[in-house]
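Reader: I would like to go through this model with you one step at a time, starting with its overall make-up and then turning to how its parts pair.

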Amino acid sequence: MRYTLIPVLLAGVAGAAAPAATSKDPLAGRIAGAAVDCVDQSQLGGPDIVDNRTILYRQSLKRIWRNDLPAACPGLRPQTLLVVEIWGSRLCSNDRFQARDRDTIIPGPYCRLGKFTPYDLPGK
């Protein structure tokens, strides 16, 4: 088992923290595909924490993966760090993680990832 500290991208956090009137939905105009259990962690950017049940990972300009947690994760919010238990090179549903505030060393409770849904830009 390998623990990985995954910092939140500051650009994504700024968009998530902005008021609804000025923020842009990163999934707008994208087409959802079939959900999968695992994604290759080495191809992902992020995470971008939307709320206590939703995390986005950018794979490329064309694809964003949305992870809907099976339950709300206490303490998970924009500007928190994720400490993820990764088995191998892939992030999978049911992998455990903890949310940690940047100004403390005390991690939050364990939470689990859900399935990963790809959101792609439509082809031309």
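Reader: How many helices and strands are there in the protein chain?
Author: This is a predicted model, and the answers below should be read with that in mind. Read along the sequence, the pattern begins β-α-β and then continues with strands to its end. In total, the protein chain has 1 helix and 11 strands.

Reader: What share of the residues in the protein chain is buried?
Author: Buried here means under 20% relative accessible area. The protein chain exposes about 7100 Å², of which carbon and sulfur atoms supply 57%. Of the 124 residues in the protein chain, the buried share is 35%.

Reader: Why is strand E11 described as largely enclosed by the rest of the structure?
Author: Strand E11 covers residues 116-120, and the description rests on how many of them are buried. It is largely enclosed because the buried residues number 4 of the 5.

Reader: Which residue of E11 stands opposite Ile64?
Author: E11 pairs in the antiparallel sense with strand E2 (residues 31-32) over 2 bridges, and there Ile31 stands opposite Asp120. E11 also pairs with strand E6 (residues 63-68), again in the antiparallel sense, over 5 bridges. In this second pairing, the residue opposite Ile64 is Tyr119.

Reader: Through how many residues does the hairpin join E4 to E5?
Author: Strand E4 (residues 48-51) and strand E5 (residues 54-58) run antiparallel and are joined by 3 bridges, with Ile49 standing opposite Ile55 in E5. The hairpin that joins E4 to E5 does so through 2 residues.

Notes: Residues numbered from 1 in each chain as written. Predicted model: local features only at pLDDT ≥ 70, side-chain atom pairs only at ≥ 80, totals over all residues. Heavy atoms only, no water. Buried < 20%, exposed > 50% of the residue type's maximum accessible area, 1.4 Å probe, protein only. Areas by Shrake-Rupley, 256 points an atom, 1.4 Å probe, with all protein chains shown as cover. Pairing = 2+ DSSP bridges.
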